Amino acid sequence: MAVSESVPLLMRLVSASVSVSYRAARIARDVLIKGDLGIVDKGGKNDLQTEADRSAQRCIIASLHKQFPNVAIFGEEDLAPTTKIPDDFIETEFDQDVLRHECPENLRNINNDDVVIWVDPLDGTKEFTEGFLDHVTVLIGIAVKGVATAGVINQPFHNFEEIPKYGKARCIWGVQGLGSFGFKRNAHLEGNVITTTRSHSDYTITKTVEACEPTEVLRVGGAGHKVLLLIEKKAHAYVFASIGCKKWDTCAPEAILQSLGGRLTDIHGHPIPYHANVVHNNTGGVLATVANHDWYVNKIKEKVDSETLSKFESVKAAPPSLESQLSQQTLNIQNSSSKSANGKVGEEKEPNAAKQERMARKRRLEEGDSKL
Ligand SMILES: Nc1ncnc2c1ncn2[C@@H]1O[C@H](COP(=O)(O)O)[C@@H](O)[C@H]1OP(=O)(O)O
Ligand SMILES: [Mg+2]
């Protein structure tokens, strides 16, 4: 169902993201049920891509681009520009439950240029290939003026051990200043339960977790899944002293966690910026907490040696050069008539020259140039 333009842009974006996250979850489920995961090794440490990652990304970016052609969208996977996107990958529905909520006052008047969408079509890919299905999530994060503001976490295989045929998809969404929806929160959790990576661990990660004095460590996959543990109060903190997580891993989880009063920063306690032109890796690592964030920051500062800490650089919000912005724009989407896949729809929060280049690229996209 179409949605009135009088509904604030942010709520339209969240509503469309919830709907398309269910479509992407269905795609991931279909890939698993068919049984051919089509695994590609991207060459990093446990850095895999499957048919579910590829198809879910095509579905999410093509659908959001069709509804919001002037909003910047960045997705994790680098995809071939020529692949035809099936018509049924285009989701045009808007989630009606989201639209029943009022947009927070301070977010009512944002416009296209304020927004960047960060998409991880399948977070926890390594775990997906190994059958840890509850670690897998679809992440759509909406940044406004560089701040993680709203997010959607879809868990395609929720409760897969109890519900036959790989569980059931569930969707958690939230907006800063409005709250988060779609889950139950434990009232209380004893001790100091810390969650961290299971498939990308190393000495520094383990030492940094230990510095936070855990009573229990949960080694599980996926940034989305780990933040879900915090949101549901099954863990107190997520500690990841590594540069492996990217903006699309943290934008949606951060927005939801912060809407509940938690925090997600780098391991120094500095905010993570989400403008279109930031480096994609979270070079300062990730620290997410339900409460007492500064206590964790101080423990890490106190107990991890300064040479190790100096390797984790906080991301600066200052825009890099136009050239480097454009060289990052390699991801592919289809144009709105779903004829061909081409060009990442990234707009920059940018100086005029970058904006002109974007407009030129958009024109070429509309003309069907596949080499954007
Ligand atoms: N070294 C790495 N190389 C590639 N991706 C990484 C790396 N470390 C973390 N990630 C991404 O961050 C997420 C959280 O990491 P982890 O599961 O190890 O805690 C992962 O799901 C993975 O995203 P993805 O699974 O989408 O490729
Ligand atoms: Mg990921």
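**Entry 1: the end of α1.** I began at G35, the residue that follows α1, and found a positive phi there, near 95°. I am working on a predicted model throughout, so I treat that angle as a computed value.

Then I went back along the helix itself. α1 takes in residues 9–34, which makes 26 residues. I checked its span from first C-alpha to last and got 37 Å, close to the 38 Å expected at 1.5 Å a residue. Is it covered or not? Mostly covered: 21 of the 26 residues in α1 are buried.

**Entry 2: the whole chain.** I stepped back for the overall tally. The chain runs to 372 residues, and 51% of them count as buried. I counted 11 helices and 13 strands. For contacts between residues at least 6 apart in sequence, I noted that 73% join residues at least 24 apart.

**Entry 3: two domains.** The chain splits into domain 1 (9–181) and domain 2 (193–309). I put their C-alpha centres 21 Å apart. Across the boundary, 39 residues of domain 1 are in contact with 27 residues of domain 2.

I wanted to know which elements of domain 1 give two or more residues to the side that touches domain 2. My list has one helix, α4, along with the strands β3 (72–75), β4, β5 (137–144), β6 (147–158), β7 (168–175) and β8 (179–181). β6 provides the largest share of that side, with seven residues. By class, I sorted the domain 1 side into 19 nonpolar, 13 polar and seven charged residues.

**Entry 4: ligand 1.** Next I looked at what surrounds the ligand. Its shell holds 19 residues, and D47, T125, T197, H200 and G244 are the closest. Which domains supply the shell? Domain 1 and domain 2 each give at least three residues. I also looked for elements that supply at least two residues each, and β4 (115–123) and α4 (125–130) both do. I had β4 and α4 down already for the side of domain 1 that touches domain 2. The class count for the shell came out as 10 polar, seven charged and two nonpolar residues.

**Entry 5: annotated positions.** I pulled the UniProt record, an unreviewed entry, and its "binding site" annotation covers E76, D120, L122, D123 and D249. These positions are spread over 174 residues of sequence, yet they cluster in space, with a largest C-alpha distance of 9.5 Å. I picked two of them for a closer look.

L122 sits in strand β4. Why does L122 count as buried? I found 31 C-beta neighbours inside 10 Å, so it qualifies; the cut-off is 20 or more. Leaving out residues up to four places away in sequence, I saw L122 touch A28, A52, D53, A56, F128, V136 and V138. One of these partners, A28, falls within the residue range of α1.

D249 is in helix α7 (residues 247–259). It counts as buried too, because it has 28 C-beta neighbours inside 10 Å. With the same sequence neighbours left out, I listed its contacts as D120, D123, L139 and A223. D120 and D123 are themselves covered by the "binding site" annotation, so I have D249 touching two of its fellow annotated positions.

Notes:
Residues are numbered from 1 along each chain as its sequence is written. Chains are lettered from A and ligands numbered from 1 in the order in which they are written. This is a predicted model: local features need pLDDT of at least 70, side-chain atom pairs count only at pLDDT 80 or more; totals for chains, interfaces and linings use all residues. A residue is near a molecule or strand if its C-beta atom, placed from the backbone, lies within 6 Å of it. Helices (H or I, at least four residues) and strands (E, at least two) are DSSP runs, numbered from the N terminus. Ala, Val, Leu, Ile, Met, Phe, Trp, Tyr, Cys and Pro count as nonpolar, Asp, Glu, Lys and Arg as charged, and the others, Gly among them, as polar. Domain bounds come from an automatic or database domain assignment. A residue is buried if 20 or more other C-beta atoms lie within 10 Å of its own, exposed if 12 or fewer, and partly exposed in between; C-beta atoms are placed from the backbone. Two residues are in contact if their C-beta atoms, placed from the backbone, lie within 7 Å. The expected span of a helix is 1.5 Å times one less than its number of residues. UniProt positions are given in the numbering used here, feature names are shortened, and annotations may be inferred rather than shown by experiment.
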